[in-house]
Amino acid sequence: MKATGIVRRIDDLGRIVIPKEIRRTLRIRERDALEIFTDRDGEVILKKYSPIADLEDFAQEYAESLFESTQHPCFITDRDVFIAVAGVGKKAYMNKPIPDDLSEVLEERRVFTSEEAGRHLAIPGFETAHQVAVPIIHEGDVAGSVVLVSKDRALGNVEITLGQTAADFLAKQLG
């Protein structure tokens with residue numbers, strides 16, 4: 001564990017403020033859920049909670065199915081990292097941070113297409129590819145995304161519909 005040298009006191013309601021620098025570094029935003037762990041040494045550990053990460057195996061199967069049916073590489077993310085990858089090398093993406101511009105697109109809560117936006121997301125290896133990104137919305141909050149990419153041709157309504165179907169299905173699995 002890495003010491004920060006920052007000390008905070010608990011207020012009378014049992015709250016503690018996580019410093020802005022740490023929130024920014026760890027991409028912790030207002031309303032994010034944190035999971036609380038304790039260990040035998042009396043340490044309290046806060047971990048950013050990702051409900052979709054619990055579906056990692058299922059999401060991987062879904063990504064592979066999307067790739068098999070479309071032949072377009074597919075990525076499924078939570079709000080911070082890639083949790084499933086199909087059609088490209090997994091080691092380059094799995095559990096790596098998603099690009100900041102994808103995070104911004106997710107906050108808009110609507111489908112992103114590189115053609116309509118006139119720009120591309122900074123997905124490593126696909127910075128100039130045709131892209132569709134669909135947010136996964138669960139209980140009113142963005143839980144992640146389904147992203148399809150193609151270096152060969154523009155992605156259209158079929159890929160958008162497949163992405164939306166995948167995002168809706170994954171959101172329902174979050175229960």
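# Briefing: pockets, sheet and cores of a predicted model

The lining of the second largest pocket is made up of 15 charged, nine nonpolar and three polar residues. This structure is a predicted model, and that pocket is one of two described below. Beyond the pockets, the model contains an open sheet of five strands with antiparallel pairing, a hairpin formed by strand 1 and strand 2, and a largest nonpolar core of 25 residues.

**The two pockets**

- The second largest pocket, with a volume of about 650 Å³, has a lining of 27 residues, and those nearest its centre are A33, Y49, S50, P51 and R79.
- Two elements, strand 2 and strand 7, each give two or more residues to the lining of the second largest pocket, and strand 7 provides the largest share of it, with three residues.
- The largest pocket has a volume of about 980 Å³, and among the 25 residues of its lining, T4, I18, I22, V44 and L46 are the closest to its centre.
- Helix 1 (20-25), strand 1 and strand 2 each contribute two or more residues to the lining of the largest pocket, where strand 2 gives the most, namely five residues.
- In the largest pocket the lining consists of 17 nonpolar, four polar and four charged residues.

**The hairpin of strand 1 and strand 2**

- Strand 1, which covers residues 34-38, and strand 2, which covers residues 44-48, are paired in the antiparallel sense over five bridges, and one of the residues involved is I36, whose bridge partner in strand 2 is L46.
- Five residues lie between the two strands of this hairpin, and in the turn G42 takes a positive phi of about 85°.

**The five-stranded sheet**

- Strands of a sheet are held in pairs through backbone hydrogen bonds, in either a parallel or an antiparallel sense.
- In the open sheet of this model the five strands follow the order 4-3-7-6-5, and the pairing is antiparallel; strand 4 and strand 5 are the edge strands, each of them pairing on one side only.
- Strand 3 and strand 7 run antiparallel and are joined by five bridges, with V147 of strand 7 as the bridge partner of F75.
- H138 is a residue of strand 6, and it counts as buried because its relative accessibility is 14%, where buried means under 20%.
- Leaving out residues up to four places away in sequence, H138 touches A143, A171, L174 and G175.

**The nonpolar cores**

- Within the 25 residues of the largest nonpolar core, the ones that touch the most other members are C74, I76, I136 and V146.
- The elements giving two or more residues to this core are helix 2, strand 3, strand 4, strand 6, strand 7 and helix 5 (157-173), and helix 5 gives the most, with five residues.
- C74, when its neighbours within four places in sequence are left aside, is in contact with A63, L66, A84, V85, A86, V146, V147 and L148.
- Another core, of 18 residues, lies apart from the largest one, and its members include M94, I98, V105 and L121.

**Helix 3 and its surroundings**

- Helix 3 spans residues 100-107, and its buried residues are D101, L102, S103, V105 and L106.
- The cover over these buried residues includes strand 3 (74-78), strand 5 (112-113), strand 6 (130-138) and strand 7 (141-150).
- Just after helix 3 comes R109, a residue with a positive phi of about 60°.

**Positive phi in two loops**

- Q71, although it is not a glycine, has a positive phi of about 65°, and its place is in the loop between helix 2 (56-70) and strand 3.
- Q71 counts as exposed because its relative accessibility is 54%, and exposed means over 50%.
- N95 is likewise not a glycine and has a positive phi of about 60°; it is placed in the loop between strand 4 (82-86) and helix 3.
- With a relative accessibility of 49%, N95 counts as partly exposed, a term for values between the cut-offs of 20% and 50%.

Terms used: Residues numbered from 1 in each chain as written. Predicted model: local features only at pLDDT ≥ 70, side-chain atom pairs only at ≥ 80, totals over all residues. Heavy atoms only, no water. Buried < 20%, exposed > 50% of the residue type's maximum accessible area, 1.4 Å probe, protein only. Helix = DSSP H or I, 4+ residues; strand = E, 2+ residues; numbered from the N terminus. Contact = heavy atoms within 4.5 Å. Pairing = 2+ DSSP bridges. Core = buried A, V, L, I, M, F, W, Y, C linked by side-chain atoms within 4.5 Å. 1 Å grid on protein atoms, 1.4 Å probe; cavity = no way out; pocket = protein on both sides within 12 Å on 5 of 7 lines; lining within 4 Å. Points joined across faces, edges and corners; volume = space filled by probe spheres on them. Nonpolar A, V, L, I, M, F, W, Y, C, P; charged D, E, K, R; others polar.
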